[in-house]
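User: Could you take a close look at one part of this model for me? I'd like to know how a helix is covered and how a pair of helices pack, with a bit of context for the whole chain.

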Amino acid sequence: MSAKPEQKETHQANGAGLFLAPAGAGVEVVVLESRANAKGVREEDALLENGSQSNESDDTSTDRGPEPASPLKETSFSIGLQVLFPKFGTVAAGMVLDIVQHWDVFKYVTEVFILVPALLGLKGNLEMTLASRLSTAANIGQMDTPKELWKMITGNMALIQVQATVVGFLASIAAVVFGWIPDGHFSIDHAVLLCASSVATAFIASLVLGMIMIGVIIGSRKMGINPDNVATPIAASLGDLITLALLSGISWGLYKELESKAYVNPLVCAFFIALLPIWIIIAKKNAATREVLYSGWEPVIIAMAISSVGGLILDRTVSDPNFAGMAVFTPVINGVGGNLVAVQASRISTYLHMSGMPGESPDTAPRKCPSPCSTFFSSDVNSRSARVLFLLVVPGHLVFLYTISSMQGGHTTLTLIFIVFYMTAALLQVLILLYIADWMVHWMWGRDLDPDNFSIPYLTALGDLIGTGLLALSFHVLWLIGDRDSDVGD
């Protein structure tokens, strides 16, 4: 394939439209305005080249590029404040899970617990990827005209409905399989219930969150706030709360209809699947999402499988009455970890996009594993943001733990030893995720893969798995050493 020469010819034909964009606090980097569709970079380039083409066709009176995007000056305090504020949605999600775990549908169809991380992970697979992609487009000036903005909205909304329906269906299959393997018991009614609940939840949640994300990114850009800092945390926090509330309500309602109106569950499942061709046609007609529709499935499906393993851990742990207290903390620790690593991945991706195209900047995109010192202690702008994000873990979780305790949520007393174990798990989770993000984003960039589309699903899924695993381990160790108070909050 001769992708690289074609890209160079395209740059020469379009002209070197240059503009300034922020790469960090007070750092301005000159960026090439035009984007081409390179080999292996189908998703982001397909989305961004559309904007470049419309700029080219709209501006026929001059050869000059668009007006420079105004740089966003950021301090460590502003980054921390913008990232921390939206996280309180994870606390609400934890409170919801703490309450609904006692509902009949969660007691008698325990596979619903397996769906929880998989469907909450959709925020990383779809909404947070969408937020990262659109944040990058906004930061490099590809959403400045109404025509470009409308193309982004219609194409991406149709695309995430397709992905949400398919991933929701596959998540229900994974839940059925993971529930059947340990017990050897299979119920067709429960399987259809899981399918209907999963598909309906994924569809409605993605529709609502997709619209919210578009509004947040447009509004934050107009207010002079970096969308990378705000969009992904809001997507994660609201995603947890909305998705968990929808899953609980829909599964409860369908479970009530299971005995008297058994036909309702298959009808619900068939209805949302029947809508698939409509969304596929809309997404295919839009050049901005056509390539993503064909080639963007690998990360979301693999990430869903990874999150389902975390769901299996949650199911086997919370089903034991001795560890019922874990339910309220699971969305919190996973949500915070996913938020922080998604912000970091989005910021690194934006920084790399400002230096060129994937695969074209070997100096800024090393393929080897970075050292922990370069990730956390160098003078690089991304290293500074990693330090800020890591330092947010302890104060953020302390606020969330106090909030949960003051609302009398959970089944665990906040003793000193519990807080030590919980903070150790949370710090270790974020430390691992930030290091993996630094390596993964640069590695994907060096392999001509756009990090905006590929990295966040993997990172948030790993966050779910690592967070759930470390939290379950902490509760087991606490039980062994005698910290047993699972009846708190009953």
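Analyst: Quick bit of vocabulary before the packing: a helix axis here is a line fitted to C-alpha atoms over the stretch in contact, and angles run from 0 to 180 degrees between N-to-C directions. Keep in mind that this is a predicted model.

With that in hand, take helix 15 (residues 326-353) and helix 19 (residues 416-446): their axes come within 9 Å and cross at roughly 25 degrees. Angles under 35 degrees count as roughly parallel, so helix 15 is roughly parallel to helix 19. As for handedness, helix 15 makes a right-handed crossing as it passes helix 19.

Now for helix 17, which spans residues 381-391 and is mostly covered, with eight of its 11 residues buried. Going along the helix, the buried ones are Val381, Asn382, Ser383, Arg384, Ser385, Ala386, Val388 and Leu389. One of these, Asn382, also shows up in a contact at the start of helix 17: its backbone nitrogen has a side-chain oxygen of Asp380 within 2.9 Å.

Zooming out, the chain holds 20 helices and two strands. It has 490 residues, and 58% of them count as buried. Looking at contacts with a separation of 6 or more, 84% come from residues 24 or more positions apart. On the outside, the accessible surface of the chain is about 19200 Å², and carbon and sulfur atoms supply 66% of that.

Conventions
Residues are numbered from 1 along each chain as its sequence is written. This is a predicted model: local features need pLDDT of at least 70, side-chain atom pairs count only at pLDDT 80 or more; totals for chains, interfaces and linings use all residues. Side-chain values use heavy atoms; hydrogens and water are left out. Buried means under 20% relative accessible area, exposed over 50%, partly exposed in between (1.4 Å probe, protein chains only). Helices (H or I, at least four residues) and strands (E, at least two) are DSSP runs, numbered from the N terminus. A polar contact is a pair of N or O atoms within 3.5 Å; within protein, one must be able to donate a hydrogen and the other to accept it, and residues adjacent in sequence count only if both atoms are side-chain atoms. Contact means heavy atoms within 4.5 Å. Accessible areas come from the Shrake-Rupley method with a 1.4 Å probe; for residues, only the protein chains shown count as cover. Angles under 35 degrees count as roughly parallel, over 145 as roughly antiparallel, 65 to 115 as roughly perpendicular and the rest as oblique. A crossing is left-handed if the near helix is turned anticlockwise from the far one by less than a right angle, and right-handed if clockwise.
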